[in-house]
2 protein chains.
Amino acid sequence: MTDTVGTAETVGAAQPAASRPGLRERKKQRTRDALLRAALELFTTQGYERTTVDEIAEAVDVSQRTFFRYFAGKEDAALFLQRLAESHFIAAVRERPSHEAPLEALRRAVLESWDTIGEAIEAVVPIELHMRTYQLIESTPALLAVHLRRSEEIEEEIARLIAEREGLDVDTDPRPRIAVAVFGGVMRVTGRLWGAGEDTSVEAIRELTATYLDHVGPALAEKWGTAPR
Amino acid sequence: MTDTVGTAETVGAAQPAASRPGLRERKKQRTRDALLRAALELFTTQGYERTTVDEIAEAVDVSQRTFFRYFAGKEDAALFLQRLAESHFIAAVRERPSHEAPLEALRRAVLESWDTIGEAIEAVVPIELHMRTYQLIESTPALLAVHLRRSEEIEEEIARLIAEREGLDVDTDPRPRIAVAVFGGVMRVTGRLWGAGEDTSVEAIRELTATYLDHVGPALAEKWGTAPR
DNA sequence: AGGCTAGTGACAGCCACTGACAATTGACAA
DNA sequence: TTGTCAATTGTCAGTGGCTGTCACTAGCCT
């Protein structure tokens, strides 16, 4: 709050002069991040239901009302990072070359986006907190419910993307939606297993995903050999 | 509330003397049904969010507290019939002969259970109200979220069932969960399309389901022909 | 008939969330 | 530097879902 704040900030920040959000904007960003971190920290330590919005606000020393100005609700804060991750995934799908077969494109998009997502999150909160948050979501009915609904919305979006890639009409041809539903189904299964397991590393989820996607074919086979494979 | 209620009920009811729940029990049942009907009626006419629990209770002339003794919450009432339907579906799967391939068994189970479910529901509320309720769920975010979470739980249950049928271990072999996830994904897509469409008949959902299930293979093909089919 | 207990109503209270209004503070121009 | 405008925030009051408690009524059982 000194008189040289302006200069100090400009120098101290790693902003390459291209974008200088202004004091007000930066302050807002800091408040949002602080609220998010406090919320996730409290959620993952005491549990989601046992944490009140007042506690979160108090931890950041703002009014409860302010919390609701940054987040639509408790859920919104808890799922914030998921949304971040989802947008990265969608972007990854968009960038897949259109000569790849639909499922192939989706597969590469997830596997690839695991990394870029990590970086984006680290810029806001420690990755480790995000991992804990993910497990929290999987184990908290209220959060899982909202997360699954969001997943469905994303599936619709991706289905339209795929349809566009292939030059098809989603409302006429069932294949885009089906392909995405299949893919989404597998992702949900692997996500759940990953969250329930011990190894929370990116490698673990990557491998699990790849393995399960490889098993879609066999799982749909007329007759299953008893060989588990 | 006359003194001959007991006798009248015994005669009037279609209970074949095998089970006579007792006055208390019957009264409870009537209260529950009344609450359910009132709730669904209000939900589907005014909207879920715009209906308060007090309104529902008042419509049946009981205290708000009593509503919560019968239903865990507003959601619980709204999804009551879904749960009924789900249990029928699970039962149908259990009864499929074990020589059928997994997906074939699931397919037959749904298509078959559409009918038996109808009867079970009619015993509580008019089918037509159930149809409206289904559309309400699909179009109400809060309800859809919980419904999807329940779906996931059911998928897990079915996956274990399938694994058992095939003599496999769900935690070792990915195929049961994958197959069920694929199936569930298709069901969700068709359910959504059905709810959004005009034709709310059983035939419509049956045909839609069959068609979409038939397209799973093509949707997973390496290269999609441009023919929508 | 009379005790036992399930079911209920009435009341109090917690917490998520919202609208309204006033106070504060950054942004920008004079 | 100072004044004005607009964005942010705090405060207050209220709505609605949901829960705990307690006294009371009415089926049920011996």
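This report covers the fold of chain A, its contact with chain B, and the protein surface around DNA strands C and D.

The structure is a predicted model, in which local features need pLDDT of at least 70, side-chain atom pairs count only at pLDDT 80 or more, and totals for chains, interfaces and linings use all residues. Residues are numbered from 1 along each chain as its sequence is written, chains are lettered from A and ligands numbered from 1 in the order in which they are written, and side-chain values use heavy atoms, with hydrogens and water left out.

## Chain A

Chain A contains 12 helices and 0 strands. Helices (H or I, at least four residues) and strands (E, at least two) are DSSP runs, numbered from the N terminus. Of the 229 residues in chain A, 48% are buried. Buried stands for under 20% relative accessible area, exposed for over 50%, and partly exposed for what lies in between (1.4 Å probe, protein chains only). Among contacts (heavy atoms within 4.5 Å) in chain A between residues at least 6 apart in sequence, 62% join residues at least 24 apart.

Helix α6 of chain A runs over residues 80–94. Its 15 residues reach 22 Å from the first C-alpha to the last, close to the 21 Å expected at 1.5 Å a residue. The expected span of a helix is 1.5 Å times one less than its number of residues. The buried residues of α6(A) are A:Leu81, A:Gln82, A:Ala85, A:Glu86, A:Phe89, A:Ile90, A:Ala92 and A:Val93. An α-helix has 3.6 residues a turn, so residues three or four places apart point the same way. The partners against which the buried residues of α6(A) pack are α2, α7, α8 (127–139), α9 (141–166) and α10 of chain A.

Helix α11 of chain A (residues 202–214) has 13 residues, which should span 18 Å at 1.5 Å a residue; its end C-alpha atoms are 18 Å apart, in agreement. In α11(A), A:Ala204, A:Ile205, A:Thr209, A:Ala210, A:Tyr212 and A:Leu213 are buried. These buried residues pack against α7 (102–122), α10 (175–196) and α12 (216–220) of chain A, and also against α10 (175–196) of chain B.

## Chain A with chain B

In the pairing of the two chains, 43 residues of chain A are in contact with 44 residues of chain B. The chains bury about 4100 Å² between them, 68% of it on carbon and sulfur atoms. Buried area is the accessible area (1.4 Å probe) that two parts lose on being put together, summed over both. On the chain A side, A:Glu152, A:Arg175 and A:Trp224 lose the most area to chain B, together 19% of what that side buries.

A:Leu220, in helix α12 of chain A, counts as buried because its relative accessibility is 19%. Not counting residues up to four places away in sequence, A:Leu220 touches B:Leu103, B:Val182, B:Val216 and B:Leu220.

In chain B, B:Thr209 belongs to helix α11 (residues 202–214). B:Thr209 counts as buried because its relative accessibility is 0%. A polar atom of its side chain lies 2.6 Å from the backbone oxygen of B:Ile205. Apart from neighbours within four places in sequence, B:Thr209 is in contact with B:Leu111, B:Trp114, B:Met187 and B:Thr190.

## The DNA strands

A residue is near a strand if one of its heavy atoms lies within 4 Å of it. DNA strand D is surrounded by 21 residues, the closest being A:Lys28, A:Ser63, A:Thr66, A:Arg69 and B:Arg65. Sugar and phosphate account for 50% of the atoms of strand D that come within 4 Å of the protein.

Around DNA strand C there are 21 residues, of which A:Arg65, A:Lys74, B:Lys28, B:Thr66 and B:Arg69 come nearest. For strand C, sugar and phosphate make up 55% of the atoms within 4 Å of the protein.

Helices α2 (23–46) and α4 (64–70) of chain A and the helices α2 (23–46) and α4 (64–70) of chain B each supply at least two residues of the surface near strand D. For strand C, α2 and α4 of chain A and α2 and α4 of chain B each supply at least two residues as well.

The surface near strand D has 5 nonpolar, 7 polar and 9 charged residues. Ala, Val, Leu, Ile, Met, Phe, Trp, Tyr, Cys and Pro count as nonpolar, Asp, Glu, Lys and Arg as charged, and the others, Gly among them, as polar.

The table gives polar contacts to the strands. A polar contact is a pair of N or O atoms within 3.5 Å; within protein, one must be able to donate a hydrogen and the other to accept it, and residues adjacent in sequence count only if both atoms are side-chain atoms.

| Protein atom | DNA atom | Distance |
|---|---|---|
| A:Ser63, polar side-chain atom | strand D, phosphate oxygen | 2.8 Å |
| A:Arg69, side-chain N or O atom | strand D, base oxygen | 2.7 Å |
| B:Val53, polar backbone atom | strand D, phosphate oxygen | 3.3 Å |
| A:Thr51, polar backbone atom | strand C, phosphate oxygen | 3.3 Å |
| A:Val53, backbone N or O atom | strand C, phosphate oxygen | 3.2 Å |
| A:Lys74, polar backbone atom | strand C, phosphate oxygen | 2.9 Å |
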